[in-house]
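Hi there,

Here is the structure I promised to pass on. Please have a look at it first, and then read my notes below.

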Amino acid sequence: MKINSLSLVSVLTLLAGTSVANAGVMADLYVGGMVGAGGQTIFTRSDNQTDSAMLFGANLGIDIPLFRLEAEYNRLHSADLDTNTAMVNAMFKVPSTVIQPYFGIGAGLVFDGKHKPAENVEYDLDSTAAYQAMLGATIDILALPIKFDIEGHALYAPNIYEIKAVNETPDMLQYNVRLKMRYIF
């Protein structure tokens with residue numbers, strides 16, 4: 001009888017210890033999706049063209065106590081421009097409980113796109129470097145493995161295509177507000 005009681009206590013202790021050890025995990029892996037809306041400006045020497053823009057995207061990352069590192073893909077769309085971005089971001093979190101502010105930076109690539117600034121004119125975008133900055137807040141849904149981010153975002157890409165007739169390479173500034181949903185593994 002004493003051996004059975006001792007076995008039961010040992011098994012319960014191991015189970016309780018395992019659940020407590022899991023609660024102290026220092027890094028969370030996540031996958032998520034995002035939607036956003038904002039504006040987009042194409043800068044040339046002679047003219048600046050601004051349109052409203054929207055985006056759809058996905059992200060994959062790791063969340064550790066004060067930092068978040070993620071890879072993201074976005075499909076950007078405006079009246080005159082369709083393109084893709086692949087970025088690597090680093091976010092610095094301000095310690096908090098349910099709502100957690102953060103700011104971050106990112107670098108990556110703008111690729112595979114088309115710009116139609118006028119009828120019967122179309123430019124294929126060059127693959128070029130892109131840089132971004134973000135400011136946001138994470139809302140943690142307690143008791144669920146889901147987090148929501150509300151984020152202000154600015155993306156800059158220099159020399160996105162070449163206008164050979166005037167030897168000019170426009171730059172792009174894309175700014176938006178995003179809603180991200182992340183599932184924590």
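What follows is a short tour of what turned up, from the overall fold to the side chains.

Please keep in mind that this is a predicted model.

**The chain as a whole**

The chain has 1 helix and 9 strands. Read from the N terminus, the order is α-β-β-β-β-β-β-β-β-β, so you meet the helix before any of the strands. Of the 185 residues, 36% are buried. If you take the contacts between residues at least 6 apart in sequence, 58% of them join residues at least 24 apart. The accessible surface amounts to about 10,500 Å², and carbon and sulfur atoms account for 68% of that.

**Salt bridges**

I would start with the charged side chains. The structure holds 12 salt bridges, and D63 is a good place to enter them. One partner of D63 is K93, with the closest N and O atoms 2.3 Å apart. This pair links distant parts of the chain, since K93 sits in strand β4 (residues 81–93) and D63 in strand β2, 30 residues apart. Both ends are covered: K93 counts as buried at 11% relative accessibility, and D63 counts as buried at 4%.

D63 also meets R182 in a salt bridge, at 3.5 Å from N to O. Here D63 is in strand β2 and R182 in strand β9, so the bridge ties together parts that are 119 residues apart in sequence. R182 is buried, as D63 is.

A further salt bridge joins D149 and R68, at 3.1 Å from N to O. It connects strand β8, which holds D149, with strand β3, which holds R68, and the two residues are 81 apart. Again, D149 and R68 are both buried.

How far do the shared partners reach? Salt bridges that share partners join D63, R68, E70, E72, K93, K147, D149, E151, R178, K180 and R182 into one network.

**Arginines over rings**

Two arginines of that network have a second role to look at. R68 lies over the face of Y102, 4.8 Å from the ring centre. R182 lies over the face of Y30, at 4.7 Å from the ring centre.

**Aromatic pairs**

A search of the whole structure finds 4 aromatic pairs. One of them is Y123 with Y161, a stacked pair with 4.6 Å from centre to centre and 15° between the planes. Y123 lies in strand β6 (residues 121–124), whereas Y161 lies in the loop between β8 (146–157) and β9 (171–184), so the pair ties together parts that are 38 residues apart in sequence. Y161 is buried, with a relative accessible area of 2%.

Y183 and F185 form an aromatic pair too, and this one is edge-to-face: 5.5 Å from centre to centre, with 90° between the planes. Y183 is partly exposed, at 39% relative accessible area, while F185 is exposed, at 63%. You will find F185 in the segment after β9. Elsewhere, F67, F92 and F103 form one aromatic cluster.

**A nonpolar patch on the surface**

Y183 and F185 come up again on the surface, where they belong to a nonpolar patch together with L29, V31, L60, I62 and L69. The patch has about 670 Å² of accessible area in total. Strands β1 (28–43) and β2 (48–63) each supply at least two of its residues.

**The loop around L66**

Which residues does L66 touch beyond its neighbours within four places in sequence? The contacts are M91, F92, K93 and P95. L66 itself lies in the loop between β2 and β3 (67–78), and it counts as partly exposed at 44% relative accessibility. L66 and P95 are 29 residues apart along the chain, and their C-alpha atoms are separated by 7.1 Å. Two of these contacts link back to the sections above: K93 is the salt-bridge partner of D63, and F92 belongs to the cluster with F67 and F103.

If you open the model, I suggest beginning at D63 and following the network from there.

Best wishes

How values were computed: Residues numbered from 1 in each chain as written. Predicted model: local features only at pLDDT ≥ 70, side-chain atom pairs only at ≥ 80, totals over all residues. Heavy atoms only, no water. Helix = DSSP H or I, 4+ residues; strand = E, 2+ residues; numbered from the N terminus. Buried < 20%, exposed > 50% of the residue type's maximum accessible area, 1.4 Å probe, protein only. Contact = heavy atoms within 4.5 Å. Areas by Shrake-Rupley, 256 points an atom, 1.4 Å probe, with all protein chains shown as cover. Phe/Tyr/Trp six-rings, centres within 6.5 Å; stacked < 30°, edge-to-face > 60°. Lys NZ or Arg CZ within 6 Å of the ring centre and 35° of its normal. Patch = residues over 30% accessible without salt bridge, like charges linked within 9 Å, V, L, I, M, F, W, Y side chains within 5 Å. Salt bridge = Lys/Arg side-chain N within 4 Å of Asp/Glu carboxyl O.
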